[in-house]
Amino acid sequence: MMETISRRNFTTQMLGSLMAFSLVETLSRGDALARGVAPIVKHWLAEVEEISRALAEQKNKQIEWQRKLDELFARVELKDLLRDIDFERLSKTIKFPDDHEGVVATKPPRAAGLPKELSFSTFIYGLKKDRAIVPHCHRNMTSMHMPIGGELHGWHYDRLRDEPEHLIIKPTLDRALKLGEVTTISDEKDNVHWFKAISDGAFTFNIGVYGIDPAVKLGGRQFYLDPLGAEKLGDGSLRVRHLTMKEAHRLYGKSS
Ligand SMILES: [Fe+2]
């Protein structure tokens, strides 16, 4: 009996403390709202829209889009992002091809006030072990790949100049990537990317702004490339030939 009473008293005290704590929390939150303090983090989707719209309206350079995405996702918790993009459920629906990546579109919940048509697209890419998003470059497009599951190795190259059947590129990234790390490419900085899964079931979250300048016909992947077969030019740059998608999948899509 004594034990029961003590336990009940203890529980009552605990509840009392919890209620007091949550009341304090509520009051301080109310105080912050009353003083007009902005929430620390605006929803990331609304921020990506602002950043991408400025790009589409030619108000920002592509390199600004890259910098701002870096800053933004440094403030977003990976677990919150995964929940918003429905990663657990959608990643199970991805079909994994044997010599390239699988992909599924994701539609994060919209905050009120966002336009029906966003200025960017969102996808989840998935890879089996030793499969790759093969080396390619873009035109009139910016792209982010953030590793969100498994382990990936990433390569980036700056595009220095074009020749009729080749690109002259320079390596800027060649390492294992961290979960939640932002990697971006654009016409202005790091125009070529390539990712390989080094664990089974590796995933990236992708944001792409396609067809930035409507006057330019192309607005996506432009060429597939062969960096491993490159001619080394002596100053660290490489002359790489164009590949067809089929060649790129055969040479880079699956390796061990
Ligand atoms: Fe790409």
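Q: Two strands pair if DSSP finds at least two bridges between them; so how many bridges join strand β3 to β8?

A: Strand labels come from DSSP too: a strand is an E run of at least two residues, a helix an H or I run of at least four, and both are numbered from the N terminus. Here 4 bridges join β3 (residues 132-138) to β8, and the two run antiparallel. One place to look is cysteine 137, which stands opposite valine 192 in β8.

Q: Before we go on, what kind of model is this?

A: It's a predicted model: local features need pLDDT of at least 70, side-chain atom pairs count only at pLDDT 80 or more, and totals for chains, interfaces and linings use all residues. Residue numbers start from 1 along each chain as its sequence is written.

Q: Fine. How many helices and strands does the chain have?

A: You'll find 6 helices and 12 strands.

Q: Back to β8. Which other strand pairs with β8, and over how many bridges?

A: Try β5 (residues 152-162), which pairs with β8 in the antiparallel sense over 6 bridges. Valine 192 of β8 turns up again here, as the bridge partner of tyrosine 157.

Q: Is β8 mostly covered or mostly open?

A: For this we count neighbours: a residue is buried if 20 or more other C-beta atoms, placed from the backbone, lie within 10 Å of its own, exposed if 12 or fewer, and partly exposed in between. β8 (residues 192-197) is mostly covered, with 6 of its 6 residues buried. Val192, Trp194 and Lys196 point one way, His193, Phe195 and Ala197 point the other way, and all are buried. Across the whole chain of 256 residues, 29% count as buried.

Q: Why is β10 called largely enclosed?

A: Because 4 of the 5 residues of β10 are buried, the rest of the structure largely encloses this strand. Look at its partners as well. β3 is joined to β10 by 3 bridges and runs antiparallel to β10; in that pair, histidine 138 stands opposite arginine 221. β10 also pairs with β12 (residues 238-243) in the antiparallel sense, over 2 bridges. There, leucine 225 stands opposite histidine 242, and tyrosine 224 stands opposite leucine 243.

Q: What else pairs with β12, and over how many bridges?

A: Follow β6 (residues 166-176): 4 bridges join β6 to β12, and they run antiparallel. Leucine 167 has valine 240 of β12 as its bridge partner. Then there's β11 (residues 231-232), antiparallel to β12 and joined to it by 2 bridges, with glutamate 231 opposite arginine 239. β11 and β12 form a hairpin with 5 residues between them, and glycine 234 in the turn has a positive phi of about 95°.

Q: What is the strand order of the open sheet of 5 strands?

A: Read it across as β1-β2-β9-β4-β7, with antiparallel pairing. β1 (102-105) and β7 (183-185) stand at the edges with a single partner strand each, so one side of each has no neighbour in the sheet. In the middle of your view, try β2 (residues 121-127) and β9 (residues 202-210), which pair over 7 bridges; threonine 122 stands opposite isoleucine 207 in β9.

Q: Which residues have the most contacts inside the largest nonpolar core?

A: A nonpolar core is a set of buried Ala, Val, Leu, Ile, Met, Phe, Trp, Tyr and Cys residues joined through C-beta atoms within 7 Å. The largest one here has 44 residues, and Val134 and Leu225 have the most contacts inside it. β9 gives the most to this core, with 5 residues.

Q: And what does valine 134 touch?

A: Contact means that the C-beta atoms of two residues, placed from the backbone, lie within 7 Å. Leaving out residues up to four places away in sequence, valine 134 touches His100, Trp194, Tyr224, Ala248, His249, Tyr252 and Gly253.

Q: Where is leucine 218, and what does it touch?

A: Leucine 218 sits in the loop between β9 and β10 (221-225). With 13 C-beta neighbours inside 10 Å, leucine 218 counts as partly exposed. Leucine 218 touches Arg139 and Asn140, again not counting residues up to four places away in sequence. Asparagine 140 is 78 residues from leucine 218 in sequence, yet their C-alpha atoms are 6.5 Å apart.

Conventions:
Two strands pair if DSSP finds at least two bridges between them.
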